[in-house]
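Ready for some practice with a protein model? Work through each task by yourself, then compare your steps with the solution.

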Amino acid sequence: MDILHGIELGLHTALTWHALLYCLIGVSVGTFVGVLPGIGALAAISLALPLTYYLDPTDALIMLAGIFYGAQYGGSTASILLNLPGTATAAITCLDGYPLAQQGKAPLAIFVTAINSFIGSTFAILLVMGFAPLIAEFALRFGAEDYFAVILLGLVAASTMTLGSPFKALAMVVFGLALGMVGTDVNTGQFRFTFGLFELADGFSIVALAMGLFGVAEIIANIGQPAGVLQTVGKIRFRDMLPSRKEWKTITWPTLRGSAIGSFVGALPGTGPGIASLMAYAVEKRISKHPETFGKGALEGISAPEAANNASVQAAFIPTLSLGIPGDAVVAVLMGAMILHGITPGPNLINEQPQMFWGLIMSFWVGNLLLLVLNIPLIGMWVRLLSVPYRLLYPCVLIFICLGVYSANNNVFDIFVVLGFGILGYLMRRTGFPATPVLLGFILGPLLEENFRRAMLLSRGDLTVFFTSPISAVFMALSLLFIASVFMPGLRARLTRRAPKASE
Amino acid sequence: MNRYLISHFLPGAVVVATGVAIALVSLGYPMGNLLRPGPGFFPMVIAVLLSLLGIGVLAEARVAYRARSAAPGDTEAQPPFPWRPVLCTCAGVLVFALTVERIGFVPASCLLIAITAFAETERSWIRLALVALFIALFGSLVFIWGLGLPLTAFGAS
């Protein structure tokens, strides 16, 4: 099927009234949780997941994906006005967004982040349309050993491309793999690590794990923090939002560079928007003629990262839809949603479910256009939301989290699980262990083990198969390259380089 | 100082201990061989990897500790552990989980809201009552009536 056919089919799916409705709900909820600091896209998607059991799978995916990319739009609003990132990925936007607001240029900053989010997304959606079908076709030739190698690459990329200690990140990936083993072994039916608990026979619920590590941990970390100072913006007039011609010129190239960096990082399995926006910011600062303006309200400093995080979010669908390997922790939960709906993401998806694949892609266009409307003319509505005190919000979120995990299995046991992972997630955050790799390890672990065992069976126990099969060998080499890039410069050098950052 | 030492090396030690624990448990599962890896094979590999990485974390902590002893000037104080928010949140969620099937969704939610309110240094009961009202209406409408969760608003389910 060529792309034009696909677009036509996708528009038929995405422009039905119910698809439009769920897309609108998705992006509105996404903007909502994005604007509010303390609840991210991950918690929102996990919460909405049980609600979608009754929907048509395509509509469900359109809505859940809408929450994901909608949150990236909303996240920058709190960064600009409160100096508090609305989502973790918008943290970098605080650096220059808040100074801009202090200078009274909040409307301009909000406009620029919205328009750049749109450009970044556009760029990446085009790439998804072009590349996902090609990669899927190529991936049909993958054997078990190739799958093992590409999953391994995803896990290694996710843990080596984080800030902070690579040992801690790698340890967390491995810990996630261990959590993924809990439950019944698919090959032999053996119960593993269930400790006699009947509730663990199916393993941990992904919703409970994600909401504990991200939702509950986030709430514990935020309670008792002094409230941020909301920059009063008064009435946001459209006239104040429009950049001057000179300002347009300043942001053009950073936006395009940000989109490119974001798409690349997002398309790598395992790496997400947080890293993408950070890299885009670092690149802009390095090549800028006026690096001293960064951190004091440089427009480049908000346009590049915002374009990058949106691009990476859309590009994360490339590996997910073509290989069945999530590009990021949030997409991993989305993948969990597809599996719950009986759809196995993988190279066959595009051929077997073309209306779902193209419908989802076309809904990205619809959703991003809706977001542009939600975030420019209707921005005042979201800004007002920021004046709701956090301490009234978190009990509601806690109750929704409890109900959300309960509804997955109608079982109180999962509430205990979510609490356990919440405490663990908070302690990890406090000691510098990243939580995203745990989730990726948890989701990819069973796939990794299954493909390993299958590859061993097919190769008669020959471990060299991972290096003799050409596709697998390339992925293995890339994984080694990632690991080498972290450990080669020497541990000591890394630590001394990081020391000034830690004291900031 | 001793306290500092413990909190500094504890995370790495916990990772190593977790690895060892996983290894001990997976000894109880059939290991199989490379041709036919059993259910215990993969856990054992994971356990060994985790322990090794934990040793890496410890080594890193040691390097940082040395660097710090060499230049004792820039000591960054770890913020004190926020016992109050942690305990209140946990107690709130625990009580909710234990009561929601016995006394109903609305009373359990009120309990959670009341308990977590003590996580903050000040609280406004009027506003919290409004929150409780919102939760009672919205939660009952969406989750119990809309999604058909096997819970009741009041009373045992």
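**Exercise 1: A charged residue inside**

Glu449(A) has a relative accessible area of 6%, so this residue is buried. Keep in mind that the model is predicted.

Task: Find which residues are linked with Glu449(A) in a network of salt bridges.

Solution:
- Step 1. Start with Arg192(A), whose side chain meets that of Glu449(A) in a salt bridge of 2.9 Å, N to O.
- Step 2. Place this pair in the chain: Arg192(A) is in strand 2 and Glu449(A) is in helix 21, 257 residues apart.
- Step 3. Check Arg192(A) for burial: its relative accessibility is 3%, and the cut-off for buried is under 20%, so Arg192(A) is buried.
- Step 4. Move on to Arg453(A), which forms a salt bridge with Glu449(A), with the closest N and O atoms 2.7 Å apart. About one helical turn separates these two, because they are four residues apart in helix 21 of chain A.
- Step 5. Put it together: the network links Arg192(A), Glu449(A) and Arg453(A).

**Exercise 2: A pair between two helices**

Task: Decide whether Glu218(A) and Arg429(A), which meet in a salt bridge, are buried, partly exposed or exposed.

Solution:
- Step 1. Locate the pair: Glu218(A) lies in helix 9 and Arg429(A) in helix 20 of chain A, so the salt bridge ties together parts 211 residues apart in sequence.
- Step 2. Read the distance, which is 3.1 Å from N to O.
- Step 3. Glu218(A), at 22% relative accessibility, is partly exposed.
- Step 4. Arg429(A), with a relative accessible area of 39%, is partly exposed.

Methods. Residues are numbered from 1 along each chain as its sequence is written. Chains are lettered from A and ligands numbered from 1 in the order in which they are written. This is a predicted model: local features need pLDDT of at least 70, side-chain atom pairs count only at pLDDT 80 or more; totals for chains, interfaces and linings use all residues. Side-chain values use heavy atoms; hydrogens and water are left out. A salt bridge is a side-chain nitrogen of Lys or Arg within 4 Å of a carboxyl oxygen of Asp or Glu. Buried means under 20% relative accessible area, exposed over 50%, partly exposed in between (1.4 Å probe, protein chains only).
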